[in-house]
Amino acid sequence: MTDADLIRAVQAGDQAALGTLYERYLPSVWRYAFAQLAGHAGTAEDVVSETFLAAVRQVRRLKPEGGSLGGWLIGIARHKIGDVRRRRGRVKTGLPPDLPAQEDASHDPSASLETAETRAQVAAVMDALPDDQRLALEWKYLDRLPVRAIAHRMGRSEKAAEALLYRARHAFREAFERAGATRTQTRLAR
């Protein structure tokens with residue numbers, strides 16, 4: 001079912017389509033909220049719930065052929081995250097992360113810091129990509145969907161989905177390398 005078909009079915013009151021929408025976009029909305037909220041899982045869960053609740057309330061106004069369903073949901077999540085920040089009077093980095101898993105005593109603490117920095121860098125680069133590129137990469141590499149499934153979800157041909165993935169990988173690589181160079185320059189300046 002394409003996103004446009006999915007929107008039409010949800011607008012018609014099809015509960016199965018609503019379940020499909022939730023299953024299809026929950027991972028993307030969750031990853032976005034979790035990254036934006038500095039790893040605070042409880043708050044991310046609240047934002048995701050509020051996002052899908054708002055989507056159900058607003059879906060009637062959505063045009064099936066009007067753009068990216070994933071982008072629309074991320075936009076709702078972005079507003080919900082802004083609401084959380086305003087309510088708490090905190091900024092993105094001020095939210096306390098969940099407690100980390102118990103680390104092995106032989107584990108190098110600097111490796112954990114580098115891993116956290118890399119994750120933050122990946123999240124920032126992914127957030128900066130256009131919605132269709134971000135979703136294609138998430139579905140391909142995080143959800144492990146085949147190109148055919150990605151194409152179907154986006155209402156595109158397989159060739160168009162492959163081209164989109166190519167452009168998305170290229171854009172991600174360039175932005176990630178630029179961010180890495182900036183990070184290295186910042187470390188050297190210290």
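This passage describes a helix packing and a pocket in a predicted model.

Helix α2 spans residues 15-36, and helix α6 spans residues 131-142. The two helices pack at an angle of about 105°. Their axes lie 11 Å apart. Angles of 65 to 115 degrees count as roughly perpendicular, so α2 is roughly perpendicular to α6. On the α2 side, the contact is made by Arg24, Tyr25, Ser28 and Arg31. Helix α6 contributes Leu135, Glu138, Trp139 and Leu142. By class, the residues of this contact divide into four nonpolar, one polar and three charged.

Helix α6 also takes part in the lining of the second largest pocket. This pocket has a volume of about 260 Å³. Its lining consists of 17 residues. Those nearest the pocket centre are Asp3, Gly67, Ser68, Arg153 and Met154. Three elements give two or more residues each to the lining: α1 (3-11), α6 and α7 (147-154). The largest share comes from α6, with three residues. The lining is mixed in character: seven residues are nonpolar, five are polar and five are charged.

The pocket can also be placed relative to the domains. Domain 1 covers 1-97, and domain 2 covers 108-190. Both domains give residues to the lining, so the second largest pocket lies between them. Helix α6 thus appears in two settings: in the contact with α2 and in the lining of the second largest pocket.

Key: Residues are numbered from 1 along each chain as its sequence is written. This is a predicted model: local features need pLDDT of at least 70, side-chain atom pairs count only at pLDDT 80 or more; totals for chains, interfaces and linings use all residues. Side-chain values use heavy atoms; hydrogens and water are left out. Axes are lines fitted to C-alpha atoms, for helices over the stretch in contact, and angles run from 0 to 180 degrees between N-to-C directions. Helices (H or I, at least four residues) and strands (E, at least two) are DSSP runs, numbered from the N terminus. Angles under 35 degrees count as roughly parallel, over 145 as roughly antiparallel, 65 to 115 as roughly perpendicular and the rest as oblique. Contact means heavy atoms within 4.5 Å. Ala, Val, Leu, Ile, Met, Phe, Trp, Tyr, Cys and Pro count as nonpolar, Asp, Glu, Lys and Arg as charged, and the others, Gly among them, as polar. On a 1 Å grid over the protein atoms alone, a cavity is a set of points where a 1.4 Å probe fits but cannot get out, and a pocket is an open set with protein on both sides within 12 Å along at least five of seven lines; lining residues have an atom within 4 Å of a point. Grid points are joined across faces, edges and corners, and a volume is the space filled by probe spheres set on the points. Domain bounds come from an automatic or database domain assignment.
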